[in-house]
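Walk through this structure from the packing of one helix pair out to whole chains and a contact between chains.

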Amino acid sequence: MSSKNKLLALLSVLAFLLVLFAFIRMLFFTPVEQTMGLVQKVFYFHMSAAWVGMLAFLAAAVFGLLYLSRKDLKWDTLTAASVEVGLLFTVICIISGMIWARPIWNTWWTWDPRLTTVTIMAFTYIAFILLRRGVDNPTRRARFSAVYAVIGFISVPLTFFSARLLRTIHPVVFGGGEADMNLNAQMLTTLFISLGAFTVLYAVLLLHRARLMAQQEELNQKLAADDGSYDWGE
Amino acid sequence: MKAWLHSVRVLVWKDLLQEWRSRDILTSMLAFAVLSLFIFNYALELSPLNRAEIAPGIVWVVMVFAGTLGLNRSFTAEQDQGCFEGLIMAVPDLSAIYFAKLLTNLLMMVFLAVLVIPIYSVLYNQSLFNWAFFGVLALGAWGYSAAGTLIASMTVQTRMRDLLLPVLLFPLLLPVNMAVVKSCGVLLGSVAGQDINSWLNLLLVYDVIVTMLSIMVFEYVIKE
Amino acid sequence: MAQTLNYFIAGYAVILGLLGAYCLYLYLLSRKLKKTSASLQKESQESSAKGKIAD
């Protein structure tokens with residue numbers, strides 16, 4: 001195994017151990033929240049997933065800019081991989097959030113600004129993936145992906161402020177809006193450990209996915225080339 | 001600068017003339033908009049009281065959907081007839097192309113509004129004649145056209161074209177949608193007087209940021 | 001305190017389940033790519049051998 005692969009393997013093991021550590025700490029060494037009960041503990045991984053979703057989007061925009069300035073397709077691979085992994089974490093965040101909300105606010109959904117923003121982010125991610133599917137030329141696909149990743153990312157804070165403005169005008173009818181949680185020191189530590197674990201997990205998944213994507217692209221090109229170059233001999 | 005303005009003016013004039021001669025886009029947009037108004041009437045059985053409240057929402061939604069027809073077509077002529085290279089060589093700076101297309105799309109939206117609003121007023125028996133309302137619609141149309149022009153310039157070069165435009169564009173438009181509908185609600189007097197300055201600021205910020213960003217990245221979309 | 005054990009389990013089932021499913025997807029994808037790349041290599045070796053015989 002090359003040294004890069006060895007490093008990635010090591011990092012993967014580290015990510016797994018960190019997530020396991022966070023999980024165990026959450027399960028056994030973090031107090032249960034008073035009003036919400038056990039389900040509040042979903043919050044640690046839910047919020048970490050949200051954080052990674054945002055981070056992945058930011059990274060995708062940065063990788064996109066790097067592609068536009070350097071024209072090296074490896075940046076495009078990283079952009080696409082970051083979006084895919086980010087979508088995974090965003091979906092995890094949304095679904096776990098809905099599961100958490102149901103017993104607490106007696107509703108699956110609220111038009112809370114953060115929830116609205118994260119869902120729009122998910123739609124933008126999906127649109128990104130569809131855009132890539134619609135372009136066959138690798139350099140054109142890379143340019144379009146980079147542009148959309150950047151403009152998509154810029155729209156996130158704008159969407160967040162719009163949704164927040166909406167909320168100040170229309171108070172939430174269901175439930176308590178902002179999660180009124182008092183986090184004591186132990187809970188905060190668990191949260192930070194989860195955030196850290198998920199960040200490392202993101203990096204690992206990103207690198208694995210990017211590596212596989214590059215391999216996929218290479219094989220696709222070889223297959224396409226092979227279709228034409230069979231010399232049956234005259 | 002003069003050359004830039006000149007090329008923008010020429011490009012806008014060319015597109016408007018082309019559209020005037022065939023009247024494809026405008027008639028389809030108009031038909032689509034009016035039909036949508038009819039559908040809304042049956043879909044939302046509204047008492048006169050409710051109607052007043054959601055008038056801006058209906059008008060804006062109709063404009064957003066009908067607008068995609070115009071956006072989709074804004075680059076097809078160049079794409080299908082291979083005119084991009086010629087266009088790129090003809091202008092002093094690529095931003096002129098973007099700006100010209102933005103203006104064309106914006107003018108189409110304005111034209112649509114000019115026709116749709118009186119028709120709405122007649123169908124729903126509610127006067128929407130309010131200059132502030134028109135102003136906010138124009139700001140919204142600017143943001144819509146700014147984002148839409150950039151996205152359309154990309155989707156026209158993909159396999160799925162028209163199908164892809166709404167999917168890519170609508171998530172980006174949420175701030176505009178919210179700002180237009182909420183502030184127009186207040187302006188038309190149907191929602192209790194609230195401070196709409198924040199919405200207008202947000203809308204303006206969105207318009208400026210998206211336009212500037214699009215100008216910066218447009219060359220990567222147009223040039224191979 | 002609210003009895004929310006079921007939701008807690010459901011929440012973590014979803015989180016860990018989706019993460020696990022994605023890791024599985026990556027693993028299966030890497031296996032498929034290895035197979036495709038191996039068969040492509042074999043094909044190119046065979047066709048270059050054929051080429052030599054034809055000469």
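**A helix pair, two folds and an interface**

In this predicted model, α2(A) and α3(A) are roughly antiparallel to each other. That label follows from the crossing angle: the axes of helix α2 (residues 42–70) of chain A and helix α3 (residues 73–105) of chain A cross at roughly 160°, and angles over 145 degrees count as roughly antiparallel. The two axes come within 7 Å. Two packed helices are described by the angle between their axes and the distance between the axes. Handedness can be added to that description: α2(A) and α3(A) make a left-handed crossing. Sorted by class, the residues in the contact of α2(A) with α3(A) are 22 nonpolar, nine polar and two charged.

The pair belongs to a chain built from helices without strands. Chain A has six helices and zero strands, and from the N terminus on its elements run α-α-α-α-α-α. Of the 234 residues in chain A, 44% are buried. How much of the contact in chain A links residues 24 or more positions apart? Among contacts in chain A with a separation of 6 or more, such residues account for 82%.

Chain B can be read in the same order, from elements to overall dimensions. Its secondary structure consists of 10 helices and zero strands, and the pattern along the sequence is α-α-α-α-α-α-α-α-α-α. Chain B is as compact as a globular protein of its length, because its radius of gyration of 18 Å is close to the 17 Å that the globule rule gives for 224 residues. Taken along the principal axes, the box filled by the C-alpha atoms of chain B is roughly 55 × 35 × 30 Å. Buried residues make up 45% of the 224 residues of chain B. Of the contacts in chain B between residues at least 6 apart in sequence, 84% join residues at least 24 apart.

The remaining topic is a contact between chains. How many residues of chain C are in contact with chain A? On the chain C side there are 23 residues, and they are in contact with 27 residues of chain A. What classes of residue make up the side of chain C that touches chain A? That side has 16 nonpolar and seven polar residues, and no charged residues. Residue counts are one way to describe such a contact; the size of an interface is also often given as the accessible area lost when the parts come together.

Technical notes
Residues are numbered from 1 along each chain as its sequence is written. Chains are lettered from A and ligands numbered from 1 in the order in which they are written. This is a predicted model: local features need pLDDT of at least 70, side-chain atom pairs count only at pLDDT 80 or more; totals for chains, interfaces and linings use all residues. Two residues are in contact if their C-beta atoms, placed from the backbone, lie within 7 Å. Ala, Val, Leu, Ile, Met, Phe, Trp, Tyr, Cys and Pro count as nonpolar, Asp, Glu, Lys and Arg as charged, and the others, Gly among them, as polar. Axes are lines fitted to C-alpha atoms, for helices over the stretch in contact, and angles run from 0 to 180 degrees between N-to-C directions. Helices (H or I, at least four residues) and strands (E, at least two) are DSSP runs, numbered from the N terminus. Angles under 35 degrees count as roughly parallel, over 145 as roughly antiparallel, 65 to 115 as roughly perpendicular and the rest as oblique. A crossing is left-handed if the near helix is turned anticlockwise from the far one by less than a right angle, and right-handed if clockwise. The radius of gyration is taken over C-alpha atoms; the globule rule is 2.2 Å times the number of residues to the power 0.38. A residue is buried if 20 or more other C-beta atoms lie within 10 Å of its own, exposed if 12 or fewer, and partly exposed in between; C-beta atoms are placed from the backbone.
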